[in-house]
Each structure stands twice: as C-alpha cells, then as structure tokens.
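Please describe the internal spaces of this predicted model, with the elements that surround them and the sheet of the fold.

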Amino acid sequence: MKTEILKLLKENDGYISGQELCERFGVSRTAIWKVIQNLEEEGYKIEAVRNKGYHFIDSCDIMTKTEIESCIRGKLGRVVEYHDAIDSTNIRAKRLAEDGALSGTLVVSDCQKAGRGRRGREWVSPSGTNVFMSLILRPDILPGSASMLTLVAALAVHEGILRETGLETSIKWPNDIVAGGKKLCGILTEMSAELEGIHYVVVGIGINVNMEGFPEEVSSVATSLYLELGEKVRRSSLIASILEAFEGFYEEFISQGDLSGLISVYNSCMINAGREVRILDHAGDYTGKAIGINEKGELLVEMQSGEVKHVISGEVSVRGLYGYV
C-alpha cells in the first residue's frame, strides 16, 4: 500500500483526499495518515490541507524499496529487493536466481562491500552516492549468446542517463559508459547455464552518480554524473529510466536472437568507432581502426592490410592509442 500511495501522490498534480485513499485501499484514515507520516520521515515533502487532502511536493535523493518501486514504469523491476549495504548485488541476485526468483527481479544496494569490475577488479563503493543494481533475466537463448546482453545493458545505461539527465555519454566497447573521456559506469554480466540452455543471467550495473571526487589513482580515468552535470541526480529515478530503456533493447535482442537490430544504434554511441585502437591480446598486441560491431557484438577492427579482425568481448582489452579511450 505504501508504494501505491506514493505513486498516486507523485502522478497527481493536485490534491488527493484522505477519503479517496481510504476507499481505494479499504483502510481507515488513521492508516493513511500513518503511511503519509512514514513517507515524511523518509524525506518526502507532502502537504496536508484540511478539506483538500494530500499533495506531493518534492523529494530528495531517496533510495528505498518503496521509492524505487514507485518509479518503475515497465515490466522489469516489478520485484525489488533493496539493501542499505551488501557484499555484492550480483552475488545476492545469483542466490535469488538459484532459489527461483522471477525474471525481471531487481537487487539494489546503497553500498557495496565486495563489488567487482571486469577481470575481478574492485569497484569503489561508498554509501549514499552511487547506483549498484543487478537484474535477473531468464532469456530463452543459447549460452553462447549471453555475452551480448552486456552490450544491451550498455545501451540501456546510455539511454537511461540521457532520458533522466540529458547528458550525452558514449560507450567504450564493449560495456564501459564514458563521459568527458572518463569511465562513468561498469557492467558485469554473469550466467548459470548448461550446454543446451541458460538457467539465468545476472546483469550487474555500477554507476558513479553523485561522487564529488575520486582517489588520486583513478581520478584521471573516472568521473560521475555529478562531476559532469554540476548537480545531484535522483538515483531511484535513474534506475527506473535505465530499466525502461533496457526493456525496449532487450525485447529487440530477444526477437532477433542477436544484435542485428541494434547494430546501428550501438555504433552511433560507440566512442571507439572510426578511431585507431590498440588491442591487448595474450597472443600479441596489435593496432587497427575500430569500425563498429557485428550482430554477435564482436568489435570489427580493420588492419592496415585491409583485413578485418573480429574481436571477442572478454578475451582482450581495447585501448585508445594514447589512453583509456
């Protein structure tokens, strides 16, 4: 009831009477008043006027299960598990998936204590500033296609940030979100599968949202939405925008069985496209020009000889000739 009341208040430009809320939810005025009081204690500004009812005024950057659920607009994220602190949202999401959690279930935490980035690197995770979320999916695709979901997630984060803040970001293949030439977001996709099919996929997303600074060792390559925009961003609303964008890209991906329907939009967002890049390969580094992705999400790199190499995500690292991008 709390989530539904909050959503009604947010969606209504005027006042909602206490009597209307009582009738809608089949509870007493006292019960409604207690919910409003609880919302105010969490930081919401709600005006109460006699003979008019309740009117939602504003909220700060609130991160709670109720707030996140009240922002959700699509099918994904209808079930939310929220934590003030956790070891890792991916670890928790995998446990839930093993226990039968539905596809679309979302795990969110205000703080992570054991977050991991690509190749097992630690992800700096202070409380009260960033987004740490993991989405459980059960796609009917072959295990070999699951890695493409990382690129789908990158598109969703790019689009969600644009919708929520107006900030134009770029994608550094395969899944880093970049702003001002610095990393803004990391995505980690993990899977449980057998040869013939996928049990579940967990897509973990960590976004630097309201960080005001970074340790010296990463300040040259890391940024946040706050540093790029000069203002704070409401994280729960950002999460909802990303999920809404993810749903559209995910449906296109599932309908095609690959990224063929998303190649043009991905390439238009990719910061590497048309640039000389350095491929860090265990078999030997080489350079070439990145010309986009194919339907499998592989990076196409044109060599000086004219040969086009297909670079597989997860097997190599890609860098610009003179730095991160």
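In this predicted model, helix α6 gives the most to the lining of the largest cavity, with three residues. Both α6 (148-165) and α9 (263-269) supply at least two residues each to that lining, which is made up of Leu151, Val152, Leu155, Leu259, Leu262, Ile263, Tyr266 and Ile293. By character, these lining residues divide into eight nonpolar, no polar and no charged. The volume of the largest cavity is about 30 Å³, and with a threshold of 30 Å³ or more the count comes to one cavity.

The second largest pocket has a volume of about 320 Å³. Of the 14 residues in its lining, Ser147, Thr150, Thr189, Ser313 and Gly314 are the closest to the centre of the pocket. Here strand β8 gives the most to the lining, with five residues. Because domain 2 (65-268) and domain 3 (272-318) both contribute lining residues, the second largest pocket lies between these two domains.

The table sets out the two spaces side by side.

| Space | Volume | Element giving the most to the lining | Nonpolar, polar and charged residues in the lining |
|---|---|---|---|
| Largest cavity | about 30 Å³ | α6, three residues | eight nonpolar, no polar, no charged |
| Second largest pocket | about 320 Å³ | β8, five residues | six nonpolar, six polar, two charged |

Strand β8, which gives five residues to the lining of the second largest pocket, also belongs to an open sheet of seven strands, arranged in the order β3-β4-β5-β9-β8-β7-β6 with mixed pairing. The edges of this sheet are taken by β3 (80-83) and β6 (170-172), each of which has a single partner strand, so one side of each is left without a neighbour in the sheet. On average, and with direction ignored, neighbouring strands of the sheet are turned by 20 degrees against each other.

Within the sheet, strand β7 (residues 176-179) pairs with strand β8 (residues 182-194) in the antiparallel sense, over three bridges. Isoleucine 177 stands opposite cysteine 185 in β8.

Which strands does helix α8 lie across? Helix α8 (residues 235-256) lies across β4 (106-109), β5 (131-137) and β9 (197-207), and runs at about 30 degrees to β5. In the order of the sheet, β5 stands between β4 and β9, and β9 is followed by β8, the strand that gives the most to the lining of the second largest pocket.

Notes:
Residues numbered from 1 in each chain as written. Predicted model: local features only at pLDDT ≥ 70, side-chain atom pairs only at ≥ 80, totals over all residues. Heavy atoms only, no water. 1 Å grid on protein atoms, 1.4 Å probe; cavity = no way out; pocket = protein on both sides within 12 Å on 5 of 7 lines; lining within 4 Å. Points joined across faces, edges and corners; volume = space filled by probe spheres on them. Helix = DSSP H or I, 4+ residues; strand = E, 2+ residues; numbered from the N terminus. Nonpolar A, V, L, I, M, F, W, Y, C, P; charged D, E, K, R; others polar. Pairing = 2+ DSSP bridges. Axes fitted to C-alpha atoms, helices over the stretch in contact; angles between N-to-C directions. Contact = heavy atoms within 4.5 Å. Domains from an automatic or database assignment.
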